[in-house]
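Q: I've got a model open here, and I'd like a close look at just one part of it. Please keep it connected, and spell out the cut-offs as you go.
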Amino acid sequence: MEDIIGKTTSYILLIFGFFFLIPLFLAVNLEYTTRNYISSTVNTFTETARTSGILRKEDYSNMVDRLNSTGNSFAIHLEHKAKVAVPNEVAEGYQISYLPYSLQDVYAEWEGVGKDMIPNTEDDTEGKDYQMKDGDYLTISVVSNESTLAGRFLGILSGHPEGMKVSASAGGIVGKTAR
């Protein structure tokens, strides 16, 4: 009798392993690879924009295409902070401050949502590039709109049924000083 209970228990554990643990392991490995790919894509886009001082439509489109190749949809937020000198009455001089600009209008036009909304451009041609100055600050954050398969598995195990999303962010100072 004990032998039958032992075999039944081992079969149940074996079936559980095949139908839950193995797919979980594969999903976690896939998510790890996806996170690294997304992070690399965002960093490449940011470094290109920072070192050149220009956000190009082609670079943005390449980044979006690479992100979409993962099979997830993403919310992208770009922010440019212009470096400005602000009078400092206490120290009787100037202090450096950063004035934020949301670039939602820029990538809305690039994706065909808006028209003629790009600031800081010198010509009126279609598909303009966004110019930045040395010393400005650029940040980008990317978050998946839905949970990944591994995120849903881990959400179930951790008690968060909505799951976990994939995200990446990058940023830094624009210009020749960018590293």
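Please go through helix α1 (residues 2-52) and what surrounds it.

A: A quick word on the ground rules. This is a predicted model, where local features need pLDDT of at least 70 and side-chain atom pairs need 80 or more, while totals for chains, interfaces and linings take in all residues. Numbering starts from 1 along each chain as its sequence is written, and side-chain values use heavy atoms, leaving out hydrogens and water.

Now the setting. The protein chain has four helices and six strands, ordered along the sequence as α-β-α-β-β-α-β-β-α-β. Those elements are DSSP runs numbered from the N terminus: H or I over at least four residues for a helix, E over at least two for a strand. Of the chain's 179 residues, 33% count as buried; buried is under 20% relative accessible area, exposed is over 50%, and partly exposed is in between (1.4 Å probe, protein chains only).

Let's start with the salt bridges, meaning a Lys or Arg side-chain nitrogen within 4 Å of an Asp or Glu carboxyl oxygen. The structure holds four, and α1 has some worth a look. Asp3 pairs with Lys7, closest N and O atoms 4.0 Å apart, and these two sit four residues apart in α1, about one helical turn. Asp3 is exposed at 52%, while Lys7 is partly exposed at 45%.

Further along, Arg35 reaches Glu31 at 2.6 Å, again four residues apart in α1 and about one helical turn. Here the Glu31 end is buried at 7%, and Arg35 is partly exposed at 27%. Then there's Arg50 with Glu47, at 2.5 Å from N to O; both lie in α1, three residues apart, about one turn. In this pair Arg50 is the buried partner at 5%, with Glu47 partly exposed at 30%.

How does α1 connect to α2? One link is aromatic: Phe45 and Tyr60 pair edge-to-face, 6.4 Å centre to centre with 70° between planes. (Rings of Phe, Tyr and Trp, using its six-membered ring, pair with centres within 6.5 Å; planes under 30 degrees apart are stacked, over 60 edge-to-face, the rest tilted.) A search of the whole structure finds one such pair. Phe45 belongs to α1 and Tyr60 to α2, so the pair ties together parts 15 residues apart in sequence. Both rings are well inside the buried class: Phe45 at 4%, Tyr60 at 2%.

α1 also feeds the largest nonpolar core, which has 21 residues, with Ile76 and Ile140 making the most contacts inside it. α1 is among the elements giving it two or more residues, along with α2 (57-68), β2 (74-88), β5 (137-144) and β6 (167-173). A core here is a set of buried Ala, Val, Leu, Ile, Met, Phe, Trp, Tyr and Cys joined through side-chain atoms within 4.5 Å. A second, separate core of five residues includes Phe20, Leu24, Ala27 and Phe153, and Phe153 is one of the buried residues of α4 (149-158).

In soluble globular proteins, nonpolar side chains tend to be buried together. Yet Leu26, in α1, is exposed at 54%. Leu26 joins Tyr11, Leu14, Ile15, Phe18, Phe19, Ile22 and Phe25 in a nonpolar surface patch of about 910 Å² accessible area. Areas are Shrake-Rupley values with a 1.4 Å probe, and for residues only the protein chains shown count as cover. Patch members have over 30% relative accessible area and no salt bridge, with like charges joined within 9 Å and nonpolar side chains (Val, Leu, Ile, Met, Phe, Trp, Tyr) within 5 Å.
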